[in-house]
Amino acid sequence: MEKIDRSYLRYIRYAVQWGIFFFLIYAGYKFYIFIEHFASPDARNLTPETILSLRSPSVEGFLPIGALMAFKLWVTTGIFDRIHPAGLVIFIAAVFMALLLKKSFCGWICPVGALSDFVWKLGGKIFNRNFVMHRYIDYPLRSLKYILLLFFIYIIIIKMPPFAILGFLEGDYYKIADVKMLYFFTEMTTLTFITLLILFLLSLPFKNFWCRYLCPYGALLGLISFFSPLKITRNKGACIDCGKCSRNCPALLPVDKKIRVRSPECTGCLTCVSHCPAKGALDIAFTKKRVLSPVIFAVLVICLFFGAIGIGMITGKWHSATTVEEYRHIIPQASTLEHP
Ligand code: SF4
Ligand code: SF4
């Protein structure tokens, strides 16, 4: 067997994931200052440009349900959401990534995925191992995210007519949906705190608890990723059956028993490839014979995601059309404004 060390693939992924994670923490901090301005009389002394520059549109990535509505509106009418266009751009990027590069949005970009990854690794250190649910519990739990996805598809894609979506997207509630999302964390209710604590505690022993069982966004991207031409592919001839790929897979996939990993749980994280010691045994590939360099795969993930953002910026579909005057009027009502 010719040996190979591709551990650098993990470091490339960590750099991308955590770079985005810390950028979003910084964007969230600036967004907090942005909102605070509307609670302070000094806000009137600042120019609208100065105030708006504090708000990074990337925070709209935390509004996936609004993005799903905006996606339907865009596909059915051609109208592109003006209120949170960045949310829609990020959603479209994630869908395209799933179509071409497996569920790589989950494995490389999503900050919740990064956090989840960190928490189960921490759990592994605390308990000396991670735990696996019995399959009779694991299967029904895994269906929860698909049930949630079906619910949103039924409510938004099937039941909600485009004019109702437009009305919602242009309403005051959605204009500050990002503000309400921040308040969800900064002004946490006891129920929210307990829910997040339970999720955290369950994420310690079980790998990617949130992503594996509950995230409807990941469920959607997983289903779309069936169409991805690229799949983790094992070459039986070169494989030495060491099982390192399966042992290290965050999605608990039996990689060493497959020739092509078709599962919707595969995030294209390349952890299996990075751990495989046998040259030519495991790759990301179009077919058994047409292999793609994993570094090129990583470059494609980065280019597709940031390329979509770049296109959004160039075409004027990145910054919200909500004006400072509208924010001045609506933000003070944020805590009392109810879902229409
Ligand atoms: S099969 Fe490989 S690429 Fe897919 S989730 Fe598992 S470790 Fe990541
Ligand atoms: S494909 Fe999996 S089992 Fe085969 S050599 Fe690579 S890590 Fe080991």
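At 2% relative accessibility, Ile35 counts as buried, because the cut-off for that label is under 20%. That little fact comes from a predicted model, and it makes a handy way into the exercises below.

**Exercise 1. Find out where Ile35 sits and what it touches.**

Start with the secondary structure: Ile35 belongs to helix H1. Next, look for partners, skipping residues up to four places away in sequence; you should land on Val179, Leu182, Tyr183 and Ile331. Finally, try a distance: from Ile35 to Leu54 it's 9.1 Å, C-alpha to C-alpha, with their positions 19 residues apart in sequence.

**Exercise 2. Work out how H1 and H10 are arranged relative to each other.**

Two things are needed here, since a pair of packed helices is described by the angle between the axes and the distance between them. For H1 and H10, the axes cross at roughly 105° and come within 11 Å. An angle from 65 to 115 degrees counts as roughly perpendicular, so that's the verdict for H1 and H10. Now list who makes the contact: H1 brings Gly28, Phe31, Tyr32 and Ile35, while H10 brings Asp178, Val179, Leu182, Tyr183 and Thr186. Sort them by class and you get six nonpolar, two polar and one charged.

**Exercise 3. Which residues of H10 are buried, and what covers them?**

H10 runs over residues 177-186, and its buried residues are Ala177, Asp178, Val179, Leu182 and Tyr183. Among the elements covering them are helix H1 (8-37) and helix H9 (172-175).

**Exercise 4. Describe how H3 packs with H7 and with H8.**

Take H7 to begin with. H3 and H7 pack at about 30°, their axes 10 Å apart, and the crossing is right-handed. On the H3 side, the contact uses Ile65, Leu68, Met69 and Lys72; on the H7 side, it uses Phe152, Ile156, Ile157 and Ile158. By class, that's seven nonpolar, no polar and one charged.

Now for H8. Helix H3 (residues 64-77) packs with helix H8 (residues 162-169) at an angle of about 130°, and the axes are 10 Å apart. H3 and H8 are therefore oblique to each other. The crossing here is left-handed. From H3 come Gly66, Met69, Ala70, Lys72, Leu73, Thr76 and Thr77, which meet Pro162, Ile165, Leu166, Phe168 and Leu169 of H8. The class count for H3 with H8 is eight nonpolar, three polar and one charged.

**Exercise 5. How many of the nine residues of H13 are buried, and what covers them?**

Go along helix H13 (residues 216-224) and count: eight of its nine residues are buried, which leaves the helix mostly covered. They are Pro216, Tyr217, Gly218, Ala219, Leu220, Leu221, Gly222 and Ile224. The cover includes H3, helix H4 (85-101), helix H5 (104-109), helix H7 (135-159) and helix H12 (209-214).

**Exercise 6. Zoom out and sum up the whole protein chain.**

Count the elements: there are 17 helices and four strands. Then check the overall extent, where the C-alpha trace spans about 70 × 40 × 40 Å along its principal axes. For the radius of gyration, a compact globule of 340 residues would come out near 20 Å; the chain has 21 Å, so the two agree. As for burial, 49% of the 340 residues count as buried. Last, look at contacts with a separation of 6 or more: 80% of them join residues 24 or more positions apart.

Key
Residues are numbered from 1 along each chain as its sequence is written. Chains are lettered from A and ligands numbered from 1 in the order in which they are written. This is a predicted model: local features need pLDDT of at least 70, side-chain atom pairs count only at pLDDT 80 or more; totals for chains, interfaces and linings use all residues. Side-chain values use heavy atoms; hydrogens and water are left out. Axes are lines fitted to C-alpha atoms, for helices over the stretch in contact, and angles run from 0 to 180 degrees between N-to-C directions. Helices (H or I, at least four residues) and strands (E, at least two) are DSSP runs, numbered from the N terminus. Angles under 35 degrees count as roughly parallel, over 145 as roughly antiparallel, 65 to 115 as roughly perpendicular and the rest as oblique. A crossing is left-handed if the near helix is turned anticlockwise from the far one by less than a right angle, and right-handed if clockwise. Contact means heavy atoms within 4.5 Å. Ala, Val, Leu, Ile, Met, Phe, Trp, Tyr, Cys and Pro count as nonpolar, Asp, Glu, Lys and Arg as charged, and the others, Gly among them, as polar. Buried means under 20% relative accessible area, exposed over 50%, partly exposed in between (1.4 Å probe, protein chains only). The radius of gyration is taken over C-alpha atoms; the globule rule is 2.2 Å times the number of residues to the power 0.38.
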